[in-house]
Amino acid sequence: MYNVAVIGAAGYVGAELVRVLLAHPDFKLAAISSNSEAGKTLAQVYPYFTERADLTFVDHETALAETDTKLDLVFLPVPHTAAMDLVPAILEKGISVVDVSADFRLHDAASYEAWYGTPHTAPDLLAKAVYGLPEAFRSELKVLAAKRASQQEPALVAAPGCYPTASTLAALPVLKAGLFNSNDVVVINAISGISGAGKIPTDTTHFCSVNENVNAYGVAFHRHTPEIAQTFSHLAERNVAVQFTPHIAPLSRGMVSTVTLRLSKKAAAEATPENIQKLYEDQYAEEAFVHVMPPGTMPRSSSVIYSNYAHVGVAYDASTNMVVASCTIDNLAKGAAAQSVQCANIIFNLNETTGLKK
């Protein structure tokens, strides 16, 4: 049994992490923190947990202080800039970290500053962080697991954003197979439920603004853009430009990302709807959480909510040499909390699906 803490547990992602971890047979939730809700019980903030958990929020400092319960792992579903201040001290204590914020996703400190508007205060750790998308970076996560086990070296995992998770799973087979026309731009249109905007409401996320409405936002400057481009470039082993347009919809949770990729002339000469479908089925045949839809079928966001599953559908348009792939996930689960636990399972040499198949 490994002792874990959730720092920032009062937010939507933090509460989802608590829900998943309470059912996990190998992770004991030893502490939950919230500077704003310190002193309140979990059930007072989220009545869902009444008689399900006897936990009380403490402030971040108290949760991370040396106590009788030695922590093995900390999850950080905190706002960006907060994690980079917390992570160095946590790692120095020998405690592994799964950062669910954006602070360690980008490899380059200058890129982080350009997109997030603040200097990175722990740039030396960027190269040590492994991107926590198991379907694409499983081997790197297993290297971290080996170091943690053999060298007692704490692991640092940068859990992906929700949009990058869905977009990457949609595009991964084409990018890995080298079928994409590298002179073209990958076009991504995605829609998220309102919980992706976080717990604190704004003028654009209040019920009256969101109800009966769908709109694009962050067009040409959304902060997930460099993360997606970095991941796509890694998979394709060359620079990939992306045009990412997110939308918000009146859903509590759920997400769909539709990615359009033009094939190279060589790939297009051999492409058929059948072999593109097979490419996706072969890629994900051994994946526990990614299901490829039958030919001619596209996934629904309602099919994956409250789960770590991703559903992927694909079509090939021969008239434009375009592959159109769509992926649905729960933005709070596979897009954040549950995927973070999936990564933690790997880091601690547990079965990857532990606590996530219910």
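Start by selecting glutamine 342 in this predicted model, and show everything that touches its atoms. Skipping neighbours within four places in sequence, glutamine 342 is in contact with Pro134, Glu135, Phe289, Asn308, Lys334, Glu352 and Leu356. Pick out Glu352 from that set: the side chains of glutamine 342 and glutamate 352 are joined by a polar contact of 2.8 Å. Is glutamine 342 buried or exposed? It counts as buried, because its relative accessibility is 0%, and the cut-off for buried is under 20%.

Now widen the selection to helix H12, residues 337-347, which holds glutamine 342. Add helix H1, residues 12-22, and look at the pair together. Two packed helices are described by the angle between their axes and the distance between the axes. Here the axes come within 8 Å and cross at roughly 50°, so H1 and H12 are oblique to each other. The crossing is right-handed. To see which side chains to show, turn on Val13, Glu16, Leu17, Val20 and Leu21 in H1; they meet Ala337, Ser340 and Val341 in H12.

Next stop, the sheet. Colour the strands in the order E3-E2-E1-E4-E5-E7-E6 and you have an open sheet of seven strands with parallel pairing. Which strands stand at the edges? Those are E3 (57-58) and E6 (130-131), each with a single partner strand, so one side of each is left without a neighbour in the sheet. Strands of a sheet pair through backbone hydrogen bonds, either parallel or antiparallel. Zoom in on E6 and its pairing with strand E7, residues 156-158: the two run in the parallel sense over two bridges. Select tyrosine 131 and look across to E7, where alanine 158 stands opposite.

From there, jump to serine 319. You'll find it in the loop between strand E13 (310-317) and strand E14 (322-329). Serine 319 counts as exposed, because its relative accessibility is 66% and the cut-off for exposed is over 50%. Show side chains here and check aspartate 317: its side chain makes a polar contact of 2.5 Å with the side chain of serine 319.

Last stop: serine 111, in helix H5, residues 109-116. What does serine 111 touch, leaving aside neighbours within four places in sequence? Its contacts are Leu106 and Pro226. Before you close the viewer, draw a distance from the C-alpha atom of serine 111 to that of serine 34: the two residues are 77 apart along the chain, and their C-alpha atoms are separated by 29 Å.

How values were computed: Residues numbered from 1 in each chain as written. Predicted model: local features only at pLDDT ≥ 70, side-chain atom pairs only at ≥ 80, totals over all residues. Heavy atoms only, no water. Helix = DSSP H or I, 4+ residues; strand = E, 2+ residues; numbered from the N terminus. Buried < 20%, exposed > 50% of the residue type's maximum accessible area, 1.4 Å probe, protein only. Polar contact = N/O pair within 3.5 Å; in protein donor to acceptor, adjacent residues only side chain to side chain. Pairing = 2+ DSSP bridges. Contact = heavy atoms within 4.5 Å. Axes fitted to C-alpha atoms, helices over the stretch in contact; angles between N-to-C directions. Parallel < 35°, antiparallel > 145°, perpendicular 65-115°, else oblique. Left-handed = near helix turned anticlockwise from the far one by under 90°.
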